[in-house]
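Visitor: I am new to this protein and would like a close look at a single part of it. Could you take me through one piece slowly, and then show me what surrounds it?

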Amino acid sequence: MDLILHIGVLIITLSISYLIYKHKLNARGTTNLPPGNTGWPLIGESIEFLSTGRKGEPEKFIFDRMKMFSSKVFKTSLFLEPAAVFCGAAGNKFLFSNENKLVTAWWPSSVDKIFPSSTQTSSQEESIRMRNLLPRFLKPEALQRYIHIMDSIAKTHFALDWDNKQDVIVFPLAKMYTFSLACRLFLSMEDSQQVQEFAKPFDALAAGIISIPIDLPGTPLHRGIKAANMVRKVLIKIIKQRKIDLAENKASATQDILSHMLTTADEAGEYMNELDIADKIFGLLIGGHDTASAAVTFVVKYLAELPQVYDKVFAEQMEITEAKAEGELLNWEDIRKMKYSWNVACEVMRLAPPLQGAFREAMTDFEYGGFTIPKGWKLYWSTHSTHRNPECFKEPEKFDPSRFEGSGPAPYTFLPFGGGPRMCPGKEYARLEILVFMHNLVKKFKWEKLLPQENIIVDPLPIPANGLPIRLHPHHINSI
């Protein structure tokens, strides 16, 4: 009986969604819409959009339609919504320059289902609140004091999970490294067993966040919601204990982001409640480790494939190591010397961007590229329309860190962290955790891939299909 009722509710929900979708698609009779194909009723082209990524060709969805319809903008239908995809540097510039003028942030409904705001505000409003909160923690000056902590955690990570191993699988280890950092810096969580247990539900989250918004058993969204509820329960328990520790002076009001959220009132003098704080820390934990772990994994992949690049990174990192006293941890000046290593990391993120793109919503009707974009339509920009575009990067398939020397790529072409007012506030945090990882890795090992032709899938982040198994070759150099 429950199953029949569930199916009935689903049919009614889908029927209502379809009527709303058709209304939006008709766009009040607008005829000058961008060229394109809206695909199947309701689901549109969502399946192809997601499946090209899972086949390791996320750029194919974009480039095929740029070729068929328009290199500037084309229409489609994604996640139960009519959408326009903006292409190239000009499209990126238009969207980023018109933030909160013509366009505003938008996420698929799957995001709100996984992150239901405890204060009943929209994802957009919550994002604004977080962006006002984060800079004091994530700006370069604030992060400088965390570098030695990052280096210490990296050293422990390699000692426990890499040393004395012949073969390792990189991606799960990279995820544990970045997750351990996030837990330590956001929650002061240091116990490795506690961190590992806490990490388990996060595996189901990324796929659920960007998925077709249908909540049925077995779907990515359903698994994501279930995992999110588990994480939220753990966070509530941690928050309650921290409130006790703060009251008993066993914790500091400035030790991490959690303490700050608990002790800081808003403009009206009100403090965030526990569930609200849990949702925000939850979002930070995902943003603080998922994309960086993908970037770190692909750094390992490309350094294995390009020995001449590895040798230059190794030389740069050894020069830093040899100038330090034994046991001395990395500092801000050391990070500033890692110029070539960061150029390598940037080229890795150009070819395997951890952020595939992002959505906006049209706040009003407007014209772009000779076409009308109706109010309410969803707008998407993709890193692939520039990162692998020969108009933006000469020989785009070639790995060339020199692209980032001097003034670097042209504006609006290199967007691993987004752009404009909504550029990722954790960009500098990600830079530090990537460079600290590279430093500790290359000074210990060279390595080779065990699966030379391993496929890359995007779901929704790029990951090696088998996790990137490698064989380690320790340096055995006394000075390191």
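**A close look, starting at helix α4**

Guide: Let's begin with helix α4, residues 88-97, where G88, G91, N92, F94, L95 and F96 are buried. Before we go further, please keep in mind that this is a predicted model. What lies over those buried residues of α4? The cover includes the strands β2 (81-86), β3 (103-105), β5 (357-362), β6 (366-368) and β8 (378-382), together with the helix α20 (384-387).

G88 also gives us a way across the chain. E391 is 303 residues away from G88 in sequence, yet their C-alpha atoms are 8.7 Å apart in space. You will find E391 in the loop between α20 and α21. Is E391 buried or exposed? Its relative accessibility is 74%, so E391 counts as exposed, the cut-off being over 50%. Another residue of the loop between α20 and α21 is E395. The phi angle of E395 is near 45°, a positive value in a residue that is not glycine.

Follow that loop onward to helix α21, residues 427-442, which packs against helix α19, residues 339-351, at an angle of about 115° and with the two axes 10 Å apart. The angle falls in the range from 65 to 115 degrees, so α19 and α21 count as roughly perpendicular to each other. As α19 passes α21, the crossing is right-handed. On the α19 side, the residues that meet α21 are S341, W342, V344, A345 and M349, and their partners in α21 are R431, I434, L435 and M438. Seven of the residues in this contact are nonpolar, one is polar and one is charged.

There is a simple idea to keep at hand while you look at such lists. An α-helix has 3.6 residues a turn, so residues three or four places apart point the same way.

Now pause at R431, which sits in helix α21. Is R431 buried or exposed? With a relative accessibility of 16%, which is under the 20% cut-off, R431 counts as buried. If we set aside the neighbours within four places in sequence, R431 touches W332, I335 and W342.

Helix α21 has another helix to meet, namely α9 (residues 147-161), whose axis comes within 9 Å of the α21 axis and crosses it at roughly 45°. An angle of that kind lies outside the parallel, antiparallel and perpendicular ranges, so α9 and α21 are oblique to each other. The crossing of α9 and α21 is right-handed. From α9 come I147, M150, D151, A154, K155, H157 and F158, while α21 brings Y429, L432, E433, V436, F437, N440 and L441. Sorted by character, the residues of this contact between α9 and α21 are nine nonpolar, two polar and three charged.

Let's return to α19 and look at its contact with helix α16, residues 290-305. The axes of α16 and α19 come within 9 Å and cross at roughly 105°. That angle makes the pair roughly perpendicular, because the perpendicular range runs from 65 to 115 degrees. Which residues make the contact between α16 and α19? A295, F298, V299, Y302 and L303 of α16 meet V344, A345, V348, M349 and L351 of α19. The contact of α16 with α19 has 10 nonpolar residues, no polar ones and no charged ones. V344, A345 and M349 are worth a second glance: they are among the α19 residues that meet α16, and they also meet residues in α21.

Finally, step back to the whole chain. There are 21 helices and 12 strands, and buried residues make up 53% of the 480 residues. Of the contacts between residues at least 6 apart in sequence, 72% join residues at least 24 apart. The chain exposes about 22000 Å², with carbon and sulfur atoms supplying 56% of that area. So that is one route through the model, starting from the buried residues of α4.

Notes:
Residues are numbered from 1 along each chain as its sequence is written. This is a predicted model: local features need pLDDT of at least 70, side-chain atom pairs count only at pLDDT 80 or more; totals for chains, interfaces and linings use all residues. Side-chain values use heavy atoms; hydrogens and water are left out. Axes are lines fitted to C-alpha atoms, for helices over the stretch in contact, and angles run from 0 to 180 degrees between N-to-C directions. Helices (H or I, at least four residues) and strands (E, at least two) are DSSP runs, numbered from the N terminus. Angles under 35 degrees count as roughly parallel, over 145 as roughly antiparallel, 65 to 115 as roughly perpendicular and the rest as oblique. A crossing is left-handed if the near helix is turned anticlockwise from the far one by less than a right angle, and right-handed if clockwise. Contact means heavy atoms within 4.5 Å. Ala, Val, Leu, Ile, Met, Phe, Trp, Tyr, Cys and Pro count as nonpolar, Asp, Glu, Lys and Arg as charged, and the others, Gly among them, as polar. Buried means under 20% relative accessible area, exposed over 50%, partly exposed in between (1.4 Å probe, protein chains only). Accessible areas come from the Shrake-Rupley method with a 1.4 Å probe; for residues, only the protein chains shown count as cover.
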